[in-house]
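Trainee: Could we go through this one together? I'd like to know what stands behind each label.
Mentor: Sure, pull it up and ask away.

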Amino acid sequence: MTILQAILLGIIQGLTEFLPISSSAHLVLTPYFLGWQFPSTQVMPFDVLVQAGTLLAVIAYFWRDLWAIIRGWLAALWQRQPFATPQARLGWYLILATIPASLAGVLIKDQVEAAFLSPRATSFFLLLTAAILLLAERLGKRNRSLTDMGWLDALLIGLFQVISLFPGVSRSGSTIAGGLFRNLDRPTAARFSFLMSVPVMIGASLFSLKDLLDAPPAAGFLPVILAGFIAAAVVGYFSIRWLLAFLVKRSLNWFVLYCVLLGVIGILVTYVR
């Protein structure tokens with residue numbers, strides 16, 4: 001992998017991690033379309049570090065919110081009133097929303113890894129993302145805000161996150177759609193989706209850390225990883241900012257169209273090859 005390839009993949013990761021178009025699909029399909037083949041000893045460390053770049057982006061953007069949630073959650077526990085404040089309740093909702101995907105990640109690990117090896121399956125999952133977004137736009141009433149959330153909302157959004165374990169199903173797309181199905185407005189659904197990505201990304205990074213330490217990348221590969229990490233972090237920060245502003249006045253339909261086009265192109269290319 002060259003530095004230029006790493007920067008391109010880092011930019012793609014930063015854009016697609018938060019836009020509802022599936023970062024995993026793009027990281028599977030981009031090398032496939034371009035004919036890039038990377039050594040297995042490079043793929044895993046790069047994926048772990050580039051995801052850490054987008055984790056840094058979301059923490060940097062929401063650090064005030066995250067600090068308020070952590071402080072409120074701990075204070076409520078200390079006062080033995082764990083649900084007393086909105087920040088404490090939001091902390092519990094984020095924990096609850098993380099549980100389903102955490103359990104599923106262990107139970108269906110083999111099936112998920114097999115899907116990552118199939119560009120065709122990834123392309124079909126992109127069509128599933130498009131269908132979920134379209135239905136959420138049509139059925140959601142979008143008349144509730146973050147202060148209206150309850151534990152059932154958090155649990156159901158967390159269940160939507162389970163299907164995003166498969167490449168091609170957007171994590172942000174499925175969780176935003178879950179929020180819309182619960183009648184949250186678009187910016188609120190996106191905000192909760194981004195906040196709940198923090199424990200998910202931290203867990204995924206820690207889960208992959210052992211493999212990374214067992215097979216450390218060669219010294220010459222470290223600048224390549226660093227380039228991808230920086231690109232993902234910078235682009236990820238601005239993609240969060242852009243999407244939150246976009247969803248104030250616009251729907252998810254453009255992302256539906258994009259997922260359909262990319263999914264169809266991916267399916268056609270796999271059959272032609």
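Trainee: Let's start with Thr122 in helix H7, which covers residues 119-139. Why is Thr122 called buried?
Mentor: Keep in mind that this is a predicted model. Buried means under 20% relative accessible area. Thr122 has 0%, so Thr122 counts as buried.

Trainee: What makes the link between Thr122 and Ser118 a polar contact?
Mentor: The cut-off for a pair of N or O atoms is 3.5 Å. A polar atom of the Thr122 side chain lies 3.0 Å from the backbone oxygen of Ser118, so the distance is within that limit. Beyond its neighbours within four places in sequence, Thr122 also contacts Ala25, Val28, Leu29, Ala115, Pro167 and Gly168.

Trainee: How do you know that the chain is as compact as a globular protein of its length?
Mentor: First, the make-up: the chain has 12 helices and zero strands. Its radius of gyration is 18 Å, and the globule rule gives 19 Å for 273 residues; the two are close, so the chain is as compact as a globular protein of that length. Buried residues account for 47% of the chain.

Trainee: What makes helix H9 mostly covered?
Mentor: Count residues: H9 runs over 171-181, and 10 of its 11 residues are buried. Among them are Arg171, Ile176 and Leu180. After H9 comes Asn183, with a positive phi near 70°.

Trainee: Which residues have the most contacts inside the largest nonpolar core?
Mentor: Val58, Phe62, Phe192, Phe194, Leu243 and Phe255, in a core of 45 residues. Helix H10 (residues 186-214) gives the largest share of this core, eight residues. Another core lies apart from it and has eight residues, including Met1 and Phe38.

Trainee: And what does Leu243 touch?
Mentor: Setting aside neighbours within four places in sequence, Leu243 is in contact with Phe18, Leu19, Pro20, Ile176, Phe194 and Phe255.

Trainee: Where is Ile240, and is it buried or exposed?
Mentor: Ile240 is in helix H11 (residues 222-249). Its relative accessible area is 0%, so Ile240 is buried. Although 222 residues separate Ile240 and Phe18 in sequence, their C-alpha atoms are 6.2 Å apart. Phe18 is also one of the residues that Ile240 touches, along with Ala57, Val58, Tyr61, Phe62 and Phe194.

Trainee: Why is the ring pair of Tyr61 and Phe62 called edge-to-face?
Mentor: Two checks. Ring centres have to lie within 6.5 Å, and planes over 60 degrees apart count as edge-to-face. Here the centres are 5.0 Å apart and the planes stand at 70°, so the name fits.

Trainee: Are those two residues buried or partly exposed?
Mentor: One of each. Tyr61, at 25%, counts as partly exposed, whereas Phe62, at 0%, counts as buried. Both belong to a cluster linked by ring pairs, with Phe18, Phe194, Tyr237 and Phe238.

Trainee: What makes Trp242 and Phe246 a stacked pair?
Mentor: Stacked needs planes under 30 degrees apart. Their planes meet at 25° and their centres are 4.8 Å apart, so the pair is stacked. Trp242 and Phe246 are four residues apart in helix H11, which means about one helical turn between them. Residues three or four places apart in an α-helix point the same way, because a turn takes 3.6 residues.

Trainee: How do their accessibilities read?
Mentor: Trp242 is partly exposed at 45%, and Phe246 is buried at 10%.

Key: Residues numbered from 1 in each chain as written. Predicted model: local features only at pLDDT ≥ 70, side-chain atom pairs only at ≥ 80, totals over all residues. Heavy atoms only, no water. Helix = DSSP H or I, 4+ residues; strand = E, 2+ residues; numbered from the N terminus. Buried < 20%, exposed > 50% of the residue type's maximum accessible area, 1.4 Å probe, protein only. Polar contact = N/O pair within 3.5 Å; in protein donor to acceptor, adjacent residues only side chain to side chain. Contact = heavy atoms within 4.5 Å. Core = buried A, V, L, I, M, F, W, Y, C linked by side-chain atoms within 4.5 Å. Rg over C-alpha atoms; globule rule 2.2 N^0.38 Å. Phe/Tyr/Trp six-rings, centres within 6.5 Å; stacked < 30°, edge-to-face > 60°.
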